[in-house]
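The following exercises ask the reader to work from the sequence and the model to a description of the fold. Each task is followed by a solution in steps.

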Amino acid sequence: MSVASGMMRGMAESTVETFAVLLCDAAQRRLGELAARELAGPRYDARLIDRAAELALREVLARLWRTGWQPGDVHQIALRRLDRRGVALTSDVLAGCGGAERPLLERWSEQHGVERVAALLVVLSVLEVLLPLPRLPEVPVAAERAGVDEKVLARIRALLAKAESTSFPEEAEALSAKAQQLMSRYSFEQALVDAPGPRAGSARRFWLEQPYLGPKSSLVTAVATANRCRAAFYAKLGFVVLVGHEVDLDLVELLSTSLLVQANEAMLAAGRGARTRSFRHAFLLAYATRIGERLTDADRAAGAEFAEARLLPILARRRQEVDTLFTELFPHTTTRTTTISNPEGWTAGREAANHARLTVERTEVEAG
């Protein structure tokens, strides 16, 4: 059935719902400009089409909420797959803009100075991105999120800010390791005072920035592992699911964000060879491996200094809780091996480590 015949059939009913369905169908078939021009024509009531566009967008979001997505996730997808107009429209729909008197699309078009055909093209582009999104596992959240003490956060942030600002990689790594020791000690203290709950552990999605999603996911996984968390990478969507206890998840997010900045700065400062994709890919994987080793060493050092006999059984119990929750969320994962094709990039990333492995493994989830 052509777009025109579909429109004529919908016109016979003249309902918002009918045109909302037609918009979704046009988006799925990637009929963008053809459908937008037809719907913007004089034969159709503009207010009816605007209401239909709003209904289609809200219905798609309602489906996403039922299938494991959260507003922050949709915003992140929009940032990565849509232009600035698509992001702006998605943000307004998420914010619940619009009202009974004036449809959302009418108000949005006026606010952004977008003519009618272009506005409908934006609607179709948003629908085209959101409609195929796959079901995600529900992310369990702790009933009460205590969070990290602000004084501790301030000390950790100060160390990481120094690490990000220095031009000496060795100094940055030492500062990051010091931050890790502080994080570990705080985590141990909290483990001793936190009572086990009915559902111990929770999960979060940590979104990555293009490019080099695979190596960046390895870095986040390294940070998670050093801090008693588990991680699963959604390669096609571009995020890592972190599973752990609330305080540890807070610390992993904080440190991962800083180390991704540091890794990028170190890579750009690595010299002329850093311009090639293979060099950067190898560099970031090596950086992730080395950082994982250093953070694990720092965590062990903090544990050795923490003289509390009750800690070991508590950590063992918490590790089991995290493993159990991870298995519930991801009963089917794939471990993928990445081969390094640029030894110079690997060497630069490892900084002359003697026994570097030329493969890095990460847990990955297949999703659209």
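UniProt positions are given here in the numbering used for this chain, feature names are shortened, and annotations may be inferred rather than shown by experiment. The model is predicted: local features need pLDDT of at least 70, side-chain atom pairs count only at pLDDT 80 or more, and totals for chains, interfaces and linings use all residues. Residues are numbered from 1 along each chain as its sequence is written, and side-chain values use heavy atoms, with hydrogens and water left out.

**Exercise 1. Describe the region that carries the UniProt annotation, and set it against the whole protein.**

Step 1. An unreviewed UniProt entry assigns "domain: DUF2786" to residues 151–190.

Step 2. Over residues 151–190 the chain is 92% helix and 0% strand, and the end C-alpha atoms are 14 Å apart. Helices (H or I, at least four residues) and strands (E, at least two) are DSSP runs, numbered from the N terminus.

Step 3. The protein contains 15 helices and 5 strands. Of its 368 residues, 51% are buried; buried means under 20% relative accessible area, exposed over 50%, and partly exposed in between (1.4 Å probe, protein chains only).

**Exercise 2. Determine which side of helix 9 (residues 150–165) is buried, and what covers it.**

Step 1. Check the geometry. The expected span of a helix is 1.5 Å times one less than its number of residues. For the 16 residues of helix 9 this gives 22 Å, which agrees with the 22 Å between its end C-alpha atoms.

Step 2. List the buried residues of helix 9: Val-152, Leu-153, Ile-156, Leu-159, Leu-160 and Ala-163. They cover an arc of only 130 degrees around the axis, so they lie on the same side of helix 9. The arc is that of the directions from the helix axis to the C-beta atoms.

Step 3. Recall the general rule: an α-helix has 3.6 residues a turn, so residues three or four places apart point the same way.

Step 4. On the other side of helix 9, Glu-150, Lys-151, Arg-155, Lys-162 and Ser-165 are exposed. The cover over the buried residues includes helix 10 (169–193) and helix 12 (246–268).

**Exercise 3. Locate the nonpolar cores.**

Step 1. A nonpolar core is a set of buried Ala, Val, Leu, Ile, Met, Phe, Trp, Tyr and Cys residues joined through side-chain atoms within 4.5 Å.

Step 2. The largest such core has 62 residues, and Trp-69, Leu-89, Trp-108, Leu-127, Leu-130, Val-243 and Phe-330 have the most contacts inside it. Helix 8 (residues 116–130) gives the most to this core, namely 11 residues.

Step 3. Because domain 1 (1–131) and domain 2 (150–355) both give residues to this core, it lies between them. The domain bounds come from an automatic or database domain assignment.

Step 4. A second, separate core has 44 residues, including Leu-160, Tyr-212, Leu-255 and Phe-283.

**Exercise 4. Examine the unusual backbone geometry at Pro-211 and Tyr-212.**

Step 1. Most residues other than glycine have a negative phi, and most peptide bonds are trans.

Step 2. The peptide bond from Gln-210 to Pro-211 is cis, with omega near -5 degrees. Pro-211 is in the loop between strand 1 (202–207) and helix 11 (213–226).

Step 3. Tyr-212 lies in the loop between strand 1 and helix 11 and has a positive phi of about 60 degrees, although it is not a glycine. Tyr-212 is buried, at a relative accessible area of 10%.

Step 4. Arg-30 also has a positive phi, of about 55 degrees, and is not a glycine. Arg-30 is in the loop between helix 2 (16–28) and helix 3 (32–39), and is exposed at 62% relative accessible area.

**Exercise 5. Characterise the surroundings of Phe-206 and Glu-305.**

Step 1. Phe-206 lies in strand 1 and is buried, with a relative accessible area of 9%.

Step 2. Contact means heavy atoms within 4.5 Å. Leaving aside neighbours within four places in sequence, the contacts of Phe-206 include Val-220, Phe-239, Val-240 and Leu-242.

Step 3. Glu-305 lies in helix 13 (residues 277–305) and counts as exposed, at 52% relative accessibility. Leaving aside neighbours within four places in sequence, Glu-305 is in contact with Gln-181 and Arg-185. The C-alpha atoms of Glu-305 and Arg-185 are separated by 8.8 Å, although the two residues are 120 residues apart along the chain.
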